[in-house]
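User: I'm new to reading structures and would like a close look at one part of this one. Could you take me through the inside of the protein, and then show me what lies around that part?

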Amino acid sequence: MKIQTERPTRFFIKSYGCQMNSYDTQRMEDSLLEAGYKKANAIEDADVAVFNTCCIREKAGEKLFSDLGRLRLLKEKSGGDCLIAVTGCISQFQREELLQRAPYVAIILGPQDIQQIASGVREVMRKDRNKIIATTMNAGDKFRRLSRNFYARNVSESLTIQEGCDNFCTYCVVPFSRGRGFSRPAVDVISEAKKLMDLGVKEIILLGQNVNSYSGEGSDGKTWNLHRVLLELAQLDGLKRLRYITSHPKDIDENMAKAHSDIDILAPSIHLPVQSGSDDVLAKMNRRYSADEYLKCVEMLRKYRPDMAVSSDFIVGFPGETETDFQRTLRLIEEVKFSQGYSFKYSPRPNTAAAKMEDQTPESIKSERLKVLQALLNRQQQEFNHNFVGKRLNVLLTKVGKHKNQLSGRSEYSQAVSVCATNVAIGDIVSVMVTGAASYSLLGAVAE
Ligand code: SAH
Ligand code: SF4
Ligand code: F3S
């Protein structure tokens, strides 16, 4: 007799965008696993497909719509049924467009409503409801109601402590897609860090849209800043390394700079997006610092940690950016010597102030400037990496490497390092003698 066993419902989550979205994706996974659903290996095998989306630039949005189209076609061909959920920033920022262009999407949840994913899937599958839409922007509620269970984690993991933004840079959708700034209570942050450590996590990366504007309720009832939270986390026995990302230059104070020399597990690296080296452009972007103030900030950080690795984001072709403005950005880069840089062509976003500015930069100039900027940033990154050949680095081993007897991990300066190693394990921090440098990674062996 053949016993009919029902196949468990399988889900697949595709994540776009920043680390905050990756964090949310992981937390949705926790919720779905807790509810008894199983992970599918690929979207093609999923009964439930979740797209956790980003709309920071136009391209990110268009990618979703082409992925949705492809999935629909695939499922039509195979005759399979698939529940489609769209979560994250597009759900919030382009909800109406999403409803219009993809009416078959059954669940739409904004970035602060992802705690509803498991109940939403259940209700739609049971046909209790046809469509679920939630775009409340209530981050406090999200964190209070997210699943208490955490499933498997890697040795290096992120922990969101702050969400949203009050800065309203004129090009940016974040204040509209993730809402205003919200800081989680410090007790929640610390208990989550402990949970992660119970799962074997050795490095925690504190996440925030503007992580250094963190201002959450402490265990003493007072308001704690990022520095205070870092001090508390540094006390946790067994935690090997701490990082935080992303910092706004206007919110770095001397205390935070000093923390990099006082807190031994705090990595000497910082992601500090400058966006432009021109004061005129910075003012039009509403960044609230000048190029000179940015340079002073880097100087202050390096006063306490001369080896501080500084990385940044850049936007080229902001409305009204002249060749002179662009040259100023290049000059600033030459001065700072970045360890890494991410650069983007300015992408006008609906309803943002910059999209309405008159002097939009032509596409051809954006492309030209991006090429020049990226060449310079790549050169700096290579120089930064080459400087370590013949020197030692502390590498947190995070995964198996490509070759036999090789593990790979990250240095304290955030570089990817492949390490020839025996008698060491994932999760160890080892002293590595660097033997070679490629453009984006290093090669080394465990030092005697
Ligand atoms: N909160 C962070 C950045 C978040 S968005 C900060 O203030 O630095 C990540 C990066 O995307 C930004 O640093 C910026 O370089 C880029 N970005 C944001 N909006 C953009 C737009 N409209 N066009 C091009 N790049 C953009
Ligand atoms: Fe966007 Fe500016 Fe806020 Fe960063 S600080 S999230 S760029 S509005
Ligand atoms: Fe994108 Fe939203 Fe992050 S727009 S960059 S996923 S905050």
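Analyst: Here is a walk from the inside of the protein outwards. Keep in mind that this is a predicted model.

Let's start with the nonpolar core. In soluble globular proteins, nonpolar side chains tend to be buried together. Here the largest nonpolar core has 56 residues. Which two residues have the most contacts inside it? They are Leu206 and Tyr294. Helix H12, spanning residues 291–304, gives the most to this core, with seven residues. Apart from this core lies another one, of 25 residues, and Met28, Tyr37, Ile132 and Leu207 are among them.

Now zoom in on Tyr294. Which residues is Tyr294 in contact with, once its neighbours within four places in sequence are left aside? The list runs Pro249, Leu272, Pro273, Val274, Tyr289, Val310, Ser312, Leu332, Val336 and Phe338. One member of that list, Ser312, is in strand E15, which covers 309–316. Two others, Leu332 and Val336, belong to helix H13, residues 323–336.

Helix H13 also holds Glu335. Is Glu335 buried or exposed? Its relative accessible area is 53%, so Glu335 counts as exposed, the cut-off being over 50%. Glu335 and Leu295 sit 40 residues apart in sequence, yet their C-alpha atoms are 8.2 Å apart in space.

Next, take the loop between H12 and strand E15, where you'll find Met308. Met308 has a relative accessibility of 2%, and because buried means under 20%, Met308 counts as buried. What does Met308 touch, not counting residues up to four places away in sequence? Its partners are His260, Pro268, Ser269, Ile270, Leu301 and Arg302. If you'd like a sense of distance, the C-alpha atoms of Met308 and Lys402 are separated by 29 Å, with their places 94 residues apart along the chain.

Helix H1, residues 19–34, is the next stop, and Ser31 lies there. Ser31 is buried too, because its relative accessibility is 5%. Leaving out residues up to four places away in sequence, Ser31 touches Ile117, Ala118, Leu146 and Ser147. Of these partners, Ile117 and Ala118 fall in helix H5, which runs over 117–125.

That same helix H5 helps to line a pocket, together with helix H2 (58–78) and strand E4 (83–88), each supplying at least two residues. This is the second largest pocket, with a volume of about 420 Å³. Its lining has 20 residues, and Asp81, Cys82, Leu83, Ile84 and Tyr104 lie nearest its centre. H2 provides the largest share of the lining, four residues. What kinds of residues make up the lining? There are ten nonpolar, two polar and eight charged ones.

Let's turn to the ligands. Around ligand 3 you'll see Cys18, Asn21, Thr53, Cys54, Cys55, Ile56, Cys89, Arg178 and Gln209. By class, that shell has five nonpolar, three polar and one charged residues. Ligand 2 has its own surroundings: Cys165, Asn167, Phe168, Cys169, Tyr171, Cys172, Val174, Pro175, Gln209, Asn210, His248 and Arg287. Its shell divides into seven nonpolar, four polar and one charged. Notice that Gln209 appears in the shells of both ligand 3 and ligand 2.

A few spots in the backbone are worth a look as well. The peptide bond from Ile245 to Thr246 is cis, with omega near 5°. Thr246 sits in the loop between strand E13 (241–245) and helix H10 (254–262). Met137 has a phi near 60°, a positive value in a residue other than glycine. You'll find Met137 in the loop between strand E6 (132–134) and helix H6 (139–145). Met137 is partly exposed, because its relative accessible area is 32%. Asn405 also has a positive phi, near 55°. The loop between strand E17 (392–400) and strand E18 (406–411) is where Asn405 belongs. With a relative accessible area of 47%, Asn405 counts as partly exposed.

Finally, go out to Ser364, in helix H14, residues 363–386. Ser364 is exposed, because its relative accessible area is 55%. The C-alpha atoms of Ser364 and Ile204 are 160 residues apart along the chain and separated by 41 Å.

Notes: Residues numbered from 1 in each chain as written. Chains lettered and ligands numbered in written order. Predicted model: local features only at pLDDT ≥ 70, side-chain atom pairs only at ≥ 80, totals over all residues. Heavy atoms only, no water. Near = heavy atom within 4 Å. Nonpolar A, V, L, I, M, F, W, Y, C, P; charged D, E, K, R; others polar. Core = buried A, V, L, I, M, F, W, Y, C linked by side-chain atoms within 4.5 Å. Buried < 20%, exposed > 50% of the residue type's maximum accessible area, 1.4 Å probe, protein only. Contact = heavy atoms within 4.5 Å. 1 Å grid on protein atoms, 1.4 Å probe; cavity = no way out; pocket = protein on both sides within 12 Å on 5 of 7 lines; lining within 4 Å. Points joined across faces, edges and corners; volume = space filled by probe spheres on them.
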